[in-house]
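Thanks for passing this one along. Here are my notes, written to be read with the structure open beside them.

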Amino acid sequence: MHLRLLLINLVFLWSTLTAAYAKTVVETLTSDDRFREFVRQLKRTDLLQDLGHYDTATVFAPTNEAFNLAIQGMTRAELLYHILPQSVYTSEWHGGELLDTCYTQDGRVQKIKMTKNGKHWSPAVNVDIIDADVKADNGVVQVVNGLLTPPKDLGLTLAEHEELHPFSDLAKKADIETELKRANGYTIFATQDVLDGLTDAEKAYLNHSGAKDDLGQVLHHQISDKILYFGEFPTGKTQLETLQGEKLELVLDKNNEATVNGAKIVQSDILASNGVIHLLEKSILPNNRDFLKLNVRKALIGLNATKFVTLLEDNGLKGYLDTKDPYTLVAPPNEELDERNIPRSEIQSWLKYHIIDKKYELDNFTDGDLLKTESGDHLGGDKQRLRVHSVDQDQMPVNAKKKSVQFDRANLIGNPVTVDNSIIYPVSRSLELPRDPLSQLPLNLDLSTFVASLYASGAAGEIKSAEGITVFAPTNKAFARLGILTKHLLQPSSQDKLASVIKFHAVKHGIYYFNETKQGEYRVPTLSGPEINLNKTHDGHLYVRGVGAGDGSDRSVIAKVVQPDMLVSNGVIHKIDRVEIPATLKVSNCDLLLAENTNSFVNLISKTDLANQILDSPDQPYTVLAPSDRAFARLNVSDLLNHPDQLLRIAKLHVLPVALPKMTLQPGQSGERLGKQKDMYDDDDDDDCRNTHSDINGDGVEFSPLLEDEKIIITQVDAGYTIQVKGDTTHSADVVQIGRASNAGGVVEIDRVLLPRDQLGDGGGGLAWWAVLLIVIGVLLGAALLAAVAYYGWRWWKQRREGYISLDRDN
């Protein structure tokens, strides 16, 4: 009886226990109020009924609180991702284990990766199992505090993981993002520095949109076209095919550590809907990188100079992009390259101006170098030059580059890139072709007289159109040194003469750059016809000589290049400090006298029989000392005209039958004494040359005029020169201006009329010193007598006023 009762109780207890555990997964979910929202989502998508037909299942069931964070309802796919088609307990898991879910996409089963987060297991980031292993008769429920999201495609997965952003960014640049989205099962071995191990130039190239094909090959080297999860790695070494073609060596050692081409996998199994990603500790570049080998084209692309590349290609110059010849390219970035202001006819020349025909390393540059470019229009077969400015490091701030280089006005903005036999310098702006001479010359204010002479002579067009010329442009001070001759040349009637002088300064069919001109003397033809002499001295100076020099170093007329190498479109311009005169130029004393303020002297001398002899003599040189019109205003000219003999003597006194003495007047103001002011371009040796080759000195030099019984003395003083008749220590004339005639004679303008000694008392010539002394003594005696008379007269008047009367003794 007791035994039977015991059996009945045992059966009841078993039934009770069986009833307590006889719940399916569905019943477990529906009976627990924590899953109310999850059950509602399952019912909405008809999954609750389907789940009841599962023989076994594991459900990751989110609590109601997890849904409070959800903005929209869950899709059937998202719900399926919470269900595993088998019963799995936490005790059976290991870190990093992948579990198959009931969700498939494009035939691929989507997985969940289990990780241990402290005491909790996590099926996703920020989602933990908070109540593990809730058993049911056909499975198990794992209670989680968040919703699980199915993996996204490879492209989106790369973008969502911060550690994969570098690879993702490059995938976008390589335009393979769509390929990764649509891939039918890829394994990606990603790195945070995909391009590590490449040069800066190669990195710059691959980061540019123009390099997407080559960048795609680099990335494809890290992608296999089949899915290989970490747990599927075979032990030992395995060769894995890549999309790029080269094989990767996959090694799994006995410690379950894996490397790919020697790079350790630091994070495995980053899941995507269409593949898996493994993160490596370092880059795995292709061994064969011939496809990546930089040429000029690729290097320019890397320097963001794709517009420069396109312009070269579109204008028939793509040979410079693929050549193996040595060149130096000056490459402006896209945003600084503007060809709109370049005439279509000059676009090729402009582009070639950015290409130098040799390879110049940074240390090869010297400040002021003129580099020969590939541009050669209007230069008669020569090549246009590009000026380079270079500053060494010891002249620059601390931590600056080794050397700062500037190409014309374009600054270096990055390290040069060497490719094959060429080198590329990235610069801040595009270069400008040198202007034509008529545009460039006016920018130099100290050449304004030369510019005016160009147009006045009619030679401007010929200078501009000539190809391959060297122009020696005299400065304003150089023209001022010609004195009266400049005034004559600038007269409208002297246009042809002025043209011959201007064109005499233009060497045709030959460009003489300063540093490229070899030492020695050269006779070179000019646009005017006659040759001009160039002399590059041993000390590096360049001199220019026409005619009129006393010897080969007469700096009174020999010009020196004081500012070289002004680049122009058809050659080069050098500034010089003297105007050179061609032998064909014919200038008489009469021409000079008529150009200056000496009309009175011309009229006076025309009254004598000397006019033909001294004014227009083509052979015999005469130096005419010509008083200015103002000087004649102080002389009684009418009286002279009435005395022809005196007139002739005065005229002869002003004529020296010699070549114009070597007198150098520095530029100054007209009518003032002209001193030896230092020219702004003169070197110290200029004064030495001037003194050595000057006939006139401070002691005075004596000359015999046509008036045989007189002598003329010319003396150099600090303020210029003075001229006086020998024996007349009272009167002297200052030299105002000088002009050289083509027969070696010339005109010296003076501010006073010279008089023979026997006429010094006439015609306003002045009194002798003793006569002046007698007059002064007479004036003083007369003044004393007047003072005595006035004194005694005052005393007499005073006595009369006070009542004093003189008494006569006789009265």
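The points below start with the whole chain and then go through some local spots.

1. **Overall picture.** Keep in mind that this is a predicted model. The protein has 811 residues, and 49% of them count as buried. Its secondary structure comes to 29 helices and 36 strands. If you take the contacts between residues at least 6 apart in sequence, 64% of them join residues at least 24 apart.

2. **Helix 3.** Have a look at residues 36–44, which make up helix 3. Phe38, Val39, Gln41 and Leu42 are its buried residues. Looking down the helix axis, you'll find these buried residues within an arc of 160°, so they line one face of the helix. The background here is that an α-helix has 3.6 residues a turn, so residues three or four places apart point the same way.

3. **What sits over that face?** Several elements help cover the buried residues of helix 3. Among them are helix 2 (25–31), helix 4 (47–51) and helix 5 (64–67), along with helix 6 (76–80) and strand 1 (57–62). Just after helix 3 comes aspartate 46, and its phi is positive, near 65°.

4. **Strand 7.** This strand is mostly covered, with 6 of its 6 residues buried. Gly139, Val141 and Val143 are buried on one side, while Val140, Gln142 and Val144 are buried on the other, so both faces are covered. As a reminder, side chains in a regular strand alternate between the two faces of the sheet.

5. **Partners of strand 7.** Strand 1 runs parallel to strand 7, and 6 bridges join the two. Here alanine 57 stands opposite glycine 139. Strand 6 pairs with strand 7 too, in the antiparallel sense and over 5 bridges. Glycine 139 turns up again in that pairing, as the bridge partner of alanine 136. Strands 6 and 7 form a hairpin, with 2 residues between them.

6. **Asparagine 138: buried or exposed?** This residue lies in the loop between strand 6 (129–136) and strand 7 (139–144). Its relative accessibility is 13%, and the cut-off for buried is under 20%, so asparagine 138 counts as buried. Leaving aside neighbours within four places in sequence, asparagine 138 is in contact with Thr24, Val25, Tyr54, Asp55, Thr56, Ala57 and Ser87.

7. **The link to tyrosine 54.** Asparagine 138 and tyrosine 54 are 84 residues apart in sequence, but their C-alpha atoms are 7.7 Å apart in space. A polar atom of the asparagine 138 side chain lies 3.3 Å from the backbone oxygen of tyrosine 54.

8. **A four-stranded sheet.** Further along there is an open sheet of 4 strands in the order 16-15-22-21, with mixed pairing. Strand 16 (355–356) and strand 21 (417–419) are at the edges, and each pairs on one side only. Strand 21 runs antiparallel to strand 22 (residues 422–426), and 3 bridges join them. One pair to click on is valine 419 with its bridge partner, serine 422.

9. **Nonpolar cores.** Nonpolar side chains tend to be buried together in soluble globular proteins. In this model the largest nonpolar core has 58 residues, and Leu441, Phe450, Leu454, Leu593, Ile605 and Ile614 touch the most other members. Not counting residues up to four places away in sequence, phenylalanine 450 touches Leu441, Val471, Ala473, Pro474, Phe479 and Ile502. There is also a second, separate core of 55 residues, which includes Phe167, Leu180, Val194 and Leu206.

10. **Cysteines.** How many disulfides does a search of the whole structure find? The count is 0. Cysteine 102 is buried, at a relative accessible area of 17%. Cysteine 590 counts as buried as well, at 14% relative accessibility.

11. **A seven-stranded sheet.** The last thing to look at is an open sheet of 7 strands, ordered 31-30-36-35-34-33-32 and with mixed pairing. Its edge strands are strand 31 (655–656) and strand 32 (701–703), each pairing on one side only. Inside the order, strand 33 (residues 712–717) and strand 34 (residues 720–725) pair in the antiparallel sense over 6 bridges. In that pairing, threonine 715 has threonine 722 as its bridge partner.

Note on methods. Residues numbered from 1 in each chain as written. Predicted model: local features only at pLDDT ≥ 70, side-chain atom pairs only at ≥ 80, totals over all residues. Heavy atoms only, no water. Buried < 20%, exposed > 50% of the residue type's maximum accessible area, 1.4 Å probe, protein only. Arc of directions from axis to C-beta. Contact = heavy atoms within 4.5 Å. Polar contact = N/O pair within 3.5 Å; in protein donor to acceptor, adjacent residues only side chain to side chain. Pairing = 2+ DSSP bridges. Disulfide = S-S within 2.5 Å. Core = buried A, V, L, I, M, F, W, Y, C linked by side-chain atoms within 4.5 Å.
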